[in-house]
Amino acid sequence: MARLHPYKNSYAIVGLLALMLLCPVGGHAQDNARKVLKKAPVTYPTILKSRGIGGTVRLKVFVKPDGTVRDTEVLGGNPILAESAQKSVMQWKFSPGSSETALEISVVFDPHAESGS
C-alpha cells in the first residue's frame, strides 16, 4: 500500500481552507434588488486630483428598509479618498426594501476625468 507524504494532506487542507475563505458567502441576491435612486456628488480633494492621485474606494453600505443609508464601512482604498466617498454615499438614496441590506459599493476617483462628471 502506498503511503502519502505527511505534508501532502496538510497542503490539501490549507488549500481547501483558502478556497473557502475566498468564495463569497450567500445572501447577495437580495443586495442586487436595491437600486440607487439618487447619488450625491463626490468631492474629489483638489490637491490629490492635481497630483494625479486616484483610485477606487470600496465601501460596505448598510441601507435601511426606507432606502436611506444607515452607515458605511471602508473595505479598501486610500484613506483620504475614503472619507470623501463615505460622505457622498451617506447621502445616497436606494429603492425601498423589506429589510436592511448590506451592499458593496465602489467609488472611483479618476484624476484624469473631467470635473462635474
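## The hairpin of strands 2 and 3

Strand 2 and strand 3 make a hairpin, and five residues lie between them. In the turn, Gly67 has a positive phi of about 100 degrees. The two strands run antiparallel and are joined by six bridges. Within this pairing, Lys60 of strand 2 is found opposite Glu73 in strand 3.

## The model and its confidence

The structure is a predicted model. Its mean pLDDT is 78, and 69% of the residues reach 70 or more. Over residues 7-32 the pLDDT stays under 50, and for this stretch the model has seven contacts beyond four places in sequence.

## Overall make-up

The chain has four helices and five strands. Followed along the sequence, they give the pattern α-α-β-α-β-β-α-β-β. The chain has 117 residues, of which 25% count as buried. Its accessible surface comes to about 8400 Å², and carbon and sulfur atoms account for 59% of that.

Among contacts in the chain with a separation of 6 or more, 73% are between residues 24 or more positions apart.

## The sheet

The hairpin belongs to an open sheet of three strands, in the order 3-2-5, with antiparallel pairing. Strand 3 (69-76) and strand 5 are at the edges with a single partner strand each, so one side of each has no neighbour in the sheet. On average, neighbouring strands of this sheet are turned by 30 degrees against each other, direction ignored.

Strand 2 is joined to strand 5 by nine bridges, and these two strands run antiparallel. Several residues can be placed across this pairing. Gly55 stands opposite Phe109, Thr56 stands opposite Val108, and Arg58 stands opposite Ser106.

## The two faces of strand 5

Side chains alternate along strand 5. Thr101, Leu103, Ile105, Val107 and Phe109 point to one face and are buried. Ala102, Glu104, Ser106 and Val108 point to the other face and are not buried.

## Helix 4 and the nonpolar core

Helix 4 lies across strand 2, strand 3 and strand 5, and it runs at about 35 degrees to strand 2.

The largest nonpolar core has 18 residues. Those that touch the most other members are Val57, Val61, Trp92, Phe94, Ile105 and Phe109. Two or more residues of this core come from each of strand 2 (55-63), helix 4 (79-89) and strand 5 (101-109). In soluble globular proteins, nonpolar side chains tend to be buried together.

Val57 can serve as an example from the core. Leaving aside residues up to four places away in sequence, Val57 touches Gly76, Gly77, Asn78, Leu81, Ala82, Ala85, Ile105, Ser106, Val107 and Phe109. Two residues on this list, Ile105 and Phe109, are also among the core members that touch the most others. Ile105 and Phe109 are on the buried face of strand 5 as well.

How values were computed: Residues numbered from 1 in each chain as written. Predicted model: local features only at pLDDT ≥ 70, side-chain atom pairs only at ≥ 80, totals over all residues. Heavy atoms only, no water. Core = buried A, V, L, I, M, F, W, Y, C linked by side-chain atoms within 4.5 Å. Buried < 20%, exposed > 50% of the residue type's maximum accessible area, 1.4 Å probe, protein only. Contact = heavy atoms within 4.5 Å. Pairing = 2+ DSSP bridges. Areas by Shrake-Rupley, 256 points an atom, 1.4 Å probe, with all protein chains shown as cover. pLDDT = per-residue confidence, 0-100. Axes fitted to C-alpha atoms, helices over the stretch in contact; angles between N-to-C directions.
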